[in-house]
Each structure stands twice: as structure tokens, then as C-alpha cells.
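Visitor: Hi, I'd like to talk through a structure with you. Could you put it up so we can both look?

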Amino acid sequence: MSAAPRPLVALRDRLQALPRPAPVLSGQVVRYDGLHLDTTGFPAQPGALACVQGAQGRPVLAEVVGFEDGRNKLVVTDPGTPILAGAGVHLLPGGQDVAVGEGLLGRVTDAQGTPLDNRPAPVLSESWPLAGKPLNPLLRKPVDQPFDCGVRIVNAALTMGEGQRIGIIAGSGVGKSVLIEMMARNAQADVVVLALIGERAREVGHMASRLMQGDAAARCCMVAVPADRSPLLRLRGVRRAIAIAEWFRQTGRRVLLIVDSLTRVGHAQREIGLAMGEQPTAKGYPPSVIALIPQLLERAGPGLPGEGTITAICTVLADGDDTVSDPVVDSARAILDGHLVLSRAQAQAGIYPAIDITQSVSRVMPDVTDDAQQSAAMRLKKLVSAYNANRDLVMMGGYVKGQDRDLDEAMQLWPQICALISQSPRDPVTLDDSRAALMAVCGTAEE
């Protein structure tokens with residue numbers, strides 16, 4: 001058999017050298033219930049994005065959440081969108097990465113990176129995995145430096161560390177939003193990443209107007225997904241915020257990550273889990289909710305040597321003021337490095353921030369403070385506990401001075417204790433000033 005003519009060989013080589021378009025992975029819709037849809041199978045992994053052809057010709061974004069029996073399972077970002085049986089579905093590239101960069105500072109974006117502040121899209125030249133990069137826990141830096149959050153009672157008696165994960169646990173209307181706003185504005189951090197997940201649209205606008213102005217905006221990045229958005233977008237929103245924080249940590253920055261709220265994230269996962277057929281367990285939460293919380297929280301913390309830190313503050317809504325038995329509260333308390341419990345009684349008494357120091361704890365405080373401050377903090381908790389336990393008895397005149405030494409001291413020092421606990425949202429207090437205020441009230445060692 002004779003060889004091919006030389007011109008044909010050259011033409012073949014040129015054709016082989018031409019770039020070939022990537023194959024389009026696609027399928028068709030076979031089931032849809034308004035949120036969850038099944039398609040004919042095509043190669044895709046959970047977390048990938050796909051485009052679904054809507055009934056009105058408008059494309060609908062969806063995320064692959066699993067596959068079973070030769071079908072792919074997806075969740076749409078816009079629940080209730082009309083989609084016809086047999087509608088085309090094709091995979092989109094890059095669904096598992098997010099664009100990151102310095103251009104995010106001073107901006108408010110949604111779960112997909114679309115600006116919400118009526119400004120042009122930020123120019124971002126780098127990307128980061130939406131699910132993060134795993135770190136060897138033995139190679140991470142220790143949490144051994146105090147973190148100045150700008151709140152006097154936290155700095156003094158519940159001192160945080162750089163790279164700590166801490167929760168703010170409270171019922172509705174007790175002051176969680178005011179407290180995180182204080183920390184976002186006053187904390188000593190290089191970058192503040194604020195994730196508003198499942199909150200009211202009014203609160204999103206209020207927080208943006210307060211924090212994204214002036215010098216504060218130069219170090220702040222906000223990812224907002226209001227409560228009326230789909231559960232898929234709420235989950236992607238919190239993952240995107242954590243990915244942004246991880247990228248800034250890799251650049252050596254001290255990052256403050258605020259997630260408001262972790263409970264709404266759990267609710268989003270509950271909606272998806274139940275739609276996927278998971279069996280509900282405690283209080284209607286499927287097992288995937290309990291598994292999601294450590295997956296998210298473990299991504300925060302200190303980085304590797306040469307990198308920065310992510311100090312995470314997560315609000316946890318305690319339904320009905322149940323700060324003990326709620327599954328999300330209990331799971332978060334177990335995985336976090338501490339928690340701040342807000343007291344409705346203190347809020348009703350006009351003491352803000354309404355942090356109940358007798359129920360709150362910072363597990364890293366012994367590593368970042370000296371013995372004298374720790375002793376003073378324990379004495380403060382003892383006095384507050386004695387006063388609160390006997391307040392009604394004292395008010396009714398049933399207590400005679402001299403019967404209880406701790407209660408006598410607590411009653412004498414109560415005005416100074418209230419001044420130590422209370423703080424105006426606009427007045428930041430440094431670590432040194434907080435320690436000095438604590439020592440001035442409770443610094444005398446017990447005999």
C-alpha cells in the first residue's frame with residue numbers, strides 16, 4: 001500500500017494541530033418538583049453547575065447535588081421557575097471555583113459573585129476552590145495571640161485568639177446583629193469578610209450602609225444572600241465567603257470572618273436534604289445538616305507557617321431561646337472554640353451588649369492571657385452569678401447583709417460591673433484598656 005501524498009500528510013497534521021472544542025456534556029429533564037430536578041445521566045460531580053432551558057426560553061442555573069440509578073440530581077437556584085419535561089440541560093465550566101482578588105474589598109456581592117452595590121463587576125484575576133483546600137492540622141500555626149474584637153467585656157473576660165472560631169448564641173431580637181456590627185467595625189483585623197446568609201433584606205441593606213462607607217469599606221467584603229433566595233444560593237453564599245477568606249489568609253492577612261447566621265445555613269441544607277429524600281432526625285434536621293457544620297467551620301482558623309489567620313464569628317439562632325437542646329446550637333457549640341450566649345434578661349434591663357458571661361466561654365483564653373487576668377475574669381463571673389441568682393431575694397428585702405460574702409461584694413460592685421459589661425456600639429475598646437477595666441473592678445485577689 002503506497003504512502004499518502006505529502007500534501008495530504010501536511011494537511012492532516014495541520015488539522016490535528018487545530019484546537020478542538022470541548023465536548024458539551026448534556027442531558028434532559030425527566031423529573032421536576034419546583035426545586036429539585038432529575039436529568040438523564042451525563043458525567044458531572046456534585047458541586048458542578050448546569051444550565052437548564054426554562055419553559056419561557058430563559059436559562060435557569062442549577063447545581064449538581066448527586067446522582068442515582070443513571071440520573072443526575074440537581075437543585076435550581078430559582079425555585080418555582082417553569083421547566084418542561086425533556087428540557088435540555090448542559091454542564092457549565094468552572095462551577096466549583098470562585099473568582100477572588102483585591103477587587104472584592106469594599107464590594108457587596110451575591111452567591112454567584114454578581115455585584116449588589118450598583119457598581120461594575122470587580123476585576124478579579126485569581127480563583128479559589130469553592131470547597132476550599134484541605135490543610136494538615138499538625139502543620140497549622142497555634143492560636144497563641146490575643147485577638148482584639150473591640151468589645152470590652154469580650155476582650156477582658158472572654159478573650160479571643162487570632163484564628164479562633166466562636167459562636168454568638170441567642171434568640172431573636174437580643175442584639176446579635178448589633179454585636180457583630182460592633183466587631184466588624186472595631187476589630188483589629190486586616191480584612192473583614194461578612195456573610196449575611198438567610199437574613200432579612202432590610203437588614204442586609206442596613207448593614208451595607210453602615211459598614212461599606214469610608215475607611216471601613218477599604219477592608220470589608222460582604223457576601224449577601226437574603227432569606228427569599230433559594231437554599232442552594234444560601235449554601236453557595238456561605239461557601240463563597242469562606243473561600244474568599246481563605247484566599248486572603250493565604251496572602252498573609254489577619255481575616256475576620258463573620259457568618260450571620262449559621263442556623264439559616266443549616267435550614268438551607270435541611271431543605272435540600274429533605275428534597276433529596278433524607279430522613280429527618282432531631283427536630284426535623286437530616287444528618288447532612290450536622291455533617292455540614294464542621295465542614296464549614298474547620299475551614300477557618302490559623303493557616304500554615306507564613307500565612308495569616310481566619311478568626312471566625314458565627315451567629316447561631318436559638319429558636320425559642322433554647323440554647324441547649326437545639327441540634328444546630330449543640331453541634332456548633334461542640335465544634336467551636338467558644339461561644340457567647342446573649343441574655344434576653346440583660347437586654348430587657350438595658351445592658352448592651354447583652355453577653356451572659358456566666359454561660360459564655362472562650363476555650364483559648366488560657367493560651368492568650370496571663371494568670372492575673374484569668375483570675376480576675378473568674379472572680380467577675382462569680383460575682384455576676386451570685387448577684388443574678390439572688391437578685392429577686394434582695395429586691396424583696398429577704399436578704400440581710402453579711403450572710404454571704406460574695407453577694408455582699410457583688411451588690412457593692414454592681415454599678416462598676418454594669419459599666420464594665422455595657423458599651424456603646426460606636427465606642428471601641430482596646431485589649432489593654434479592657435484588661436485595665438477588668439483589673440480595676442475585680443483585680444484584687446481573694447483572701
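Visitor: Leaving aside its neighbours within four places in sequence, which residues is Asp117 in contact with?
Guide: Happy to help, and bear in mind that this is a predicted model. Beyond those sequence neighbours, Asp117 touches Gly106, Arg107 and Val108.

Visitor: And where does Asp117 lie?
Guide: You'll find Asp117 in a loop, the one between strand 8 (108–109) and strand 9 (126–129).

Visitor: What separates the C-alpha atoms of Asp117 and Gly320?
Guide: Those two C-alpha atoms are 35 Å apart in space, and along the chain Asp117 and Gly320 are 203 residues apart.

Visitor: OK, changing topic to helices. At what angle do helix 7 and helix 8 pack?
Guide: The angle is about 135 degrees, and the axes are 9 Å apart. Helix 7 covers residues 262–275, while helix 8 covers residues 287–297.

Visitor: Why are they called oblique to each other?
Guide: Angles over 145 degrees would count as roughly antiparallel and 65 to 115 as roughly perpendicular. At about 135 degrees, helix 7 and helix 8 are therefore oblique to each other.

Visitor: Is the crossing left-handed or right-handed?
Guide: Right-handed, as helix 7 passes helix 8.

Visitor: Nice. Which residues make that contact?
Guide: From helix 7 they are Leu262, Val265, Gly266, Gln269, Arg270 and Gly273. Helix 8 brings in Ser288, Val289, Leu292, Ile293, Leu296 and Leu297.

Visitor: How does the contact of helix 7 with helix 8 split by class?
Guide: There are seven nonpolar residues, four polar ones and one charged one in the contact of helix 7 with helix 8.

Visitor: Now for empty space. How many cavities of 30 Å³ or more does the structure hold?
Guide: It holds two of them. The largest cavity has a volume of about 60 Å³, and the second largest has about 30 Å³.

Visitor: What lines the largest cavity?
Guide: The lining is made of Val238, Ile242, Leu257, Val259, Leu262, Leu296, Leu297, Ala300, Ala312 and Cys314. Helix 6 (231–250), strand 15 (254–260), helix 8 and strand 17 (309–317) each give two or more residues to this lining. By class, the lining of the largest cavity has 10 nonpolar residues, with no polar and no charged ones.

Visitor: And which residues line the second largest cavity?
Guide: Val174, Gly175, Val178, Leu179, Tyr352, Pro353 and Ala354 do. That lining has six nonpolar residues, one polar residue and no charged ones.

Conventions: Residues are numbered from 1 along each chain as its sequence is written. This is a predicted model: local features need pLDDT of at least 70, side-chain atom pairs count only at pLDDT 80 or more; totals for chains, interfaces and linings use all residues. Side-chain values use heavy atoms; hydrogens and water are left out. Axes are lines fitted to C-alpha atoms, for helices over the stretch in contact, and angles run from 0 to 180 degrees between N-to-C directions. Helices (H or I, at least four residues) and strands (E, at least two) are DSSP runs, numbered from the N terminus. Angles under 35 degrees count as roughly parallel, over 145 as roughly antiparallel, 65 to 115 as roughly perpendicular and the rest as oblique. A crossing is left-handed if the near helix is turned anticlockwise from the far one by less than a right angle, and right-handed if clockwise. Contact means heavy atoms within 4.5 Å. Ala, Val, Leu, Ile, Met, Phe, Trp, Tyr, Cys and Pro count as nonpolar, Asp, Glu, Lys and Arg as charged, and the others, Gly among them, as polar. On a 1 Å grid over the protein atoms alone, a cavity is a set of points where a 1.4 Å probe fits but cannot get out, and a pocket is an open set with protein on both sides within 12 Å along at least five of seven lines; lining residues have an atom within 4 Å of a point. Grid points are joined across faces, edges and corners, and a volume is the space filled by probe spheres set on the points.
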